Amino acid sequence: MSSLTVSEVTKSFGATPVLTGIDLHVPNRSLTALLGPSGCGKTTLLRLIAGFDEPDTGAIAVGDRTVTGAGRGVPARRRGIGFVPQEGGLFPHLSVAANVTFGLPRRERRDPGRVRDLLALVGLDAALAERHPHQLSGGQQQRVALARALAPRPSLVLLDEPFSSLDAGLREDTRQAVAEALYASGATAVLVTHDQAEALSMADQVAVMRAGRLVQLADPQTLYRHPLDLDVATFVGDAVVLDADVRGGQAHCELGVLPLERPCPEGPSRILLRPEQLQLGGRTAAPTGTIARVHSVEFYGHDARVLLDLPSGLQVTARLDGSVLPADGAEVAVAVSGAALAFPARAAGRDQAGRDQAGRDQAGRDQAGRDQAVA
Ligand code: ATP
């Protein structure tokens with residue numbers, strides 16, 4: 001397997017720029033997720049790496065070998081890149097074994113042990129080898145597609161939203177099996193997804209794309225805890241976004257005076273908290289924290305989201321472990337654990353963040369509410 005390096009790549013379709021100045025390095029034997037909203041250019045970038053399309057400018061190298069740029073244009077079939085499309089793309093008239101064999105180099109095609117090994121690598125029983133794709137679940141089909149892509153021992157594996165057609169339960173199992181197979185095979189991989197949970201749980205690094213640009217490249221924990229801006233913050237997870245005034249190195253906001261995760265200029269700002277930082281207590285004689293009313297509770301078993309109406313009318317979300325939950329309409333004291341991440345108001349992308357949040361959680365509320373809304 002090899003590393004991947006994308007340098008200053010741009011691409012337009014007609015007069016419309018779709019990718020602008022993309023720089024991306026994927027280290028050898030690691031998985032990078034390309035994460036972004038629909039239409040931001042993820043698939044276009046993947047197709048340029050695969051060689052299905054050519055960039056207007058810039059270069060792409062697999063290991064030390066430039067496959068695009070500097071006057072070179074290595075055809076897709078000679079790049080040594082495996083590709084797993086959205087729906088698997090298996091040949092419907094061929095058995096599982098024949099589909100996987102199709103990916104094998106000619107000299108290995110007579111060795112039934114190779115197919116068995118590849119099926120085992122993706123967590124499939126050898127007994128499935130004689131079935132046809134329509135006799136498999138969607139998740140099994142995706143695993144066969146990965147086995148076929150890994151068969152020629154590619155330098156790099158590209159996966160284009162491989163789990164998007166699977167239902168939630170199957171998606172998690174298949175995700176895990178695919179991640180384990182990629183790891184066991186020592187693959188270098190790029191996964192396109194618009195699902196932040198998928199990106200955060202599977203990838204070594206996440207490349208967040210927005211409107212044709214790569215806006216942040218970071219490991220999952222850094223991305224979640226130190227997003228570049230509020231748009232990235234709200235895209236990679238639920239967020240509590242509040243207006244605040246930064247004074248004396250602390251954020252003064254509706255939930256109290258909070259320490260800051262990193263220094264921020266004094267003055268008006270927007271702060272980011274994650275819902276798991278909100279802690280709820282009963283409304284006792286001497287409550288600590290802001291008093292809020294429970295708007296509703298969404299119970300997921302392992303945890304729960306509690307929507308809270310703050311005194312200002314702003315709605316925020318707390319994420320609790322699900323063992324003891326408040327009732328709808330109850331009054332609770334809200335305290336904050338940990339620090340807040342502050343963005344100076346001018347740089348906070350306030351209008352956009354407000355619109356995004358409003359769209360998700362505050363439909364129908366007035367403009368003032370929308371401005372401070374919380375996902
Ligand atoms: P999705 O998550 O919906 O698949 P994406 O992030 O993968 O989206 P792309 O498929 O890369 O986005 O598309 C980026 C933009 O380029 C879109 O506006 C799309 O309409 C446009 N586009 C993609 N392919 C072509 C093409 N062949 N001709 C013209 N425009 C295209």
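Buried means under 20% relative accessible area, exposed over 50%, and partly exposed in between, with a 1.4 Å probe and protein chains only. This is a predicted model: local features need pLDDT of at least 70, side-chain atom pairs count only at pLDDT 80 or more, and totals for chains, interfaces and linings use all residues. Residues are numbered from 1 along each chain as its sequence is written, and side-chain values use heavy atoms, with hydrogens and water left out.

**Exercise 1. Place glutamine 205 and find its polar partner.**

Step 1. Locate the residue. Glutamine 205 is in strand S10, residues 205-210. Strands (E, at least two residues) and helices (H or I, at least four) are DSSP runs, numbered from the N terminus.

Step 2. Is glutamine 205 buried or exposed? Its relative accessible area is 14%, so glutamine 205 is buried.

Step 3. Find the partner. The side chain of glutamine 205 makes a polar contact with the side chain of threonine 32, at 2.9 Å. A polar contact is a pair of N or O atoms within 3.5 Å; within protein, one must be able to donate a hydrogen and the other to accept it, and residues adjacent in sequence count only if both atoms are side-chain atoms.

Step 4. Look around. Setting aside neighbours within four places in sequence, the contacts of glutamine 205 include Leu24, His25, Leu217 and Pro220. Contact means heavy atoms within 4.5 Å.

**Exercise 2. Describe the surroundings of the ligand.**

Step 1. List the shell. Among the residues around the ligand are Phe13, Val18, Ser38, Lys42 and Glu161. A residue counts as near if one of its heavy atoms lies within 4 Å.

Step 2. Check the oxygen atoms. One ligand oxygen is 2.6 Å from an N or O atom in the side chain of threonine 44. A polar backbone atom of glycine 39 is 2.8 Å from a ligand oxygen.

Step 3. Which helix gives the most to the shell? Helix H1, residues 42-50, does, with three residues.

Step 4. Study H1. Seven of its nine residues are buried, including Lys42, Thr44 and Leu45. Just after H1, glycine 51 has a positive phi of about 95°.

**Exercise 3. Check the span of helix H5 and its packing.**

Step 1. Compare spans. H5 (residues 168-184) has 17 residues and reaches 24 Å from its first C-alpha to its last, close to the 24 Å expected. The expected span is 1.5 Å times one less than the number of residues.

Step 2. Find the packing partners. Buried residues of H5 include Arg175 and Leu182. The buried residues of H5 pack against elements including helix H3 (112-121) and strand S9 (189-193).
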